[in-house]
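Let's take a look at the pockets in this protein. Have the model open and follow along.

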Amino acid sequence: MNPDLLPEGLQDRLMPQAEAMAELLQRYFTIFASHGYERVAPPLIEFEGSLAHRTKGYAKDRMLRAVDPISLRTLALRSDMTVQVGRIATTRLSNAPRPLRLSYAGPVVTLRAGELHPERERMQIGAELIGNDSVAAAIEIVGLAVEALQSAGARQITVDFTLPDLVDTLAEKAFPLNEEEIIAVRRELDTKDAGGLKALQADAYIPLLYAMGPLDSALQKLRAIDAGGALASRISALEAIAAPLGKDIRVTLDPSERHGFEYQSWFGFSLYADGYPEVLGRGGTYAISAGEDAQEVATGFTLYADRLVKTSEGSERLGRVFLPLDHDYQRARELRAQGWYTLAALDAKDDAKALGCTHILDENGPTCI
């Protein structure tokens with residue numbers, strides 16, 4: 001076996017994608033900071049029990065584990081940073097004024113690769129507004145996520161809304177279901193199976209399958225569902241969240257979609273953009289465990305940076321200038337300040353073209369090779 005082989009699902013990030021990722025992170029954090037979000041950086045590894053508890057067990061089978069030789073307790077590499085930010089907020093920053101605005105970025109690792117996504121390591125970037133899950137918080141978070149994607153060059157962005165706890169809400173009074181029936185109805189909605197819902201005698205939930213598409217028409221179909229007013233507040237909330245986005249942002253709705261929103265509460269959203277076949281980010285409202293039976297509400301999002309930089313060529317600079325052995329050091333500093341890359345010769349045999357340079361510095365300045 002080749003000792004230089006990497007484990008399955010892991011890979012080196014080479015030029016120019018490594019540089020593109022660094023630039024993308026800088027763009028995102030500039031946007032986050034401009035909205036008052038302060039950066040935190042949790043560790044890559046924590047005790048498994050803490051991570052599993054805060055994900056309510058849903059991510060336990062995704063975590064890569066090892067035994068800590070010091071404490072002899074089981075450690076786990078994080079598969080999601082959101083829960084770590086929640087831990088920081090409810091422990092180290094428990095006395096900080098609310099709402100608390102935090103941002104973060106770092107690699108996350110999963111135990112196994114998925115069929116559609118063979119990578120086991122990815123870069124997770126996000127922002128969390130902790131202490132508020134109101135419509136106003138959702139408006140801020142959705143707007144921030146869209147602005148961040150736009151700063152990275154994403155165009156023709158689509159925001160797809162969902163209502164993760166819609167079945168639970170309707171099952172309380174409007175269309176009563178017991179716990180087992182709720183699970184069964186969710187399953188059929190997840191697979192978009194109208195026949196399955198009919199077989200469960202849950203015909204009242206079938207219209208949810210068709211209340212999807214562009215927001216205006218989808219909301220019109222939701223309004224047509226006689227749910228005794230149970231949908232009215234949700235409909236007005238979605239309209240309010242969409243209103244500030246502007247006409248250049250396409251907004252859609254799939255009220256029964258739950259994939260990727262397992263721990264979200266009343267509101268969730270996914271982000272797409274022209275030229276990118278996969279989802280670029282997800283977010284919504286949720287609750288953070290604050291010890292014992294206490295919880296704290298929050299609203300946030302995660303962006304999948306790797307999907308944005310797969311085809312990136314890095315920064316658009318003026319060019320790469322080869323500096324001969326006897327070059328003017330002050331002139332070279334000026335070129336870098338103007339945005340050029342420079343590469344200094346270390347030996348008379350150095351070949352400017354072979355080293356990827358586009359220009360050579362001479363008495364007239366950068367000259368194209």
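Which elements each supply at least two residues of the lining of the second largest pocket? They are strand S6 (121–130) and helix H11 (305–309). Keep in mind that this is a predicted model.

Staying with that pocket for a moment, S6 gives the most to its lining, with three residues. The second largest pocket holds about 420 Å³ of space. It has 15 lining residues, and the ones closest to its centre are Gln11, Arg13, Glu119, Glu121 and Asp306.

Now for the largest pocket, which has a volume of about 1,100 Å³. Its lining takes in 37 residues, with Arg62, Arg122, His259, Arg282 and Tyr304 nearest the centre. Four strands each bring at least two residues to this lining: S6, S10 (264–273), S11 (276–289) and S12 (295–304). Of these, S11 provides the largest share, six residues.

Notice that S6 turns up in both places: it supplies at least two lining residues to the largest pocket and also to the second largest.

Here is how the two linings divide by residue class.

| Pocket | Volume | Nonpolar | Polar | Charged |
|---|---|---|---|---|
| Largest pocket | about 1,100 Å³ | 10 residues | 13 residues | 14 residues |
| Second largest pocket | about 420 Å³ | five residues | three residues | seven residues |

To find these spots yourself, start from Arg282 and Tyr304 for the largest pocket, then go to Glu121 and Asp306 for the second largest.

Conventions: Residues numbered from 1 in each chain as written. Predicted model: local features only at pLDDT ≥ 70, side-chain atom pairs only at ≥ 80, totals over all residues. Heavy atoms only, no water. 1 Å grid on protein atoms, 1.4 Å probe; cavity = no way out; pocket = protein on both sides within 12 Å on 5 of 7 lines; lining within 4 Å. Points joined across faces, edges and corners; volume = space filled by probe spheres on them. Nonpolar A, V, L, I, M, F, W, Y, C, P; charged D, E, K, R; others polar.
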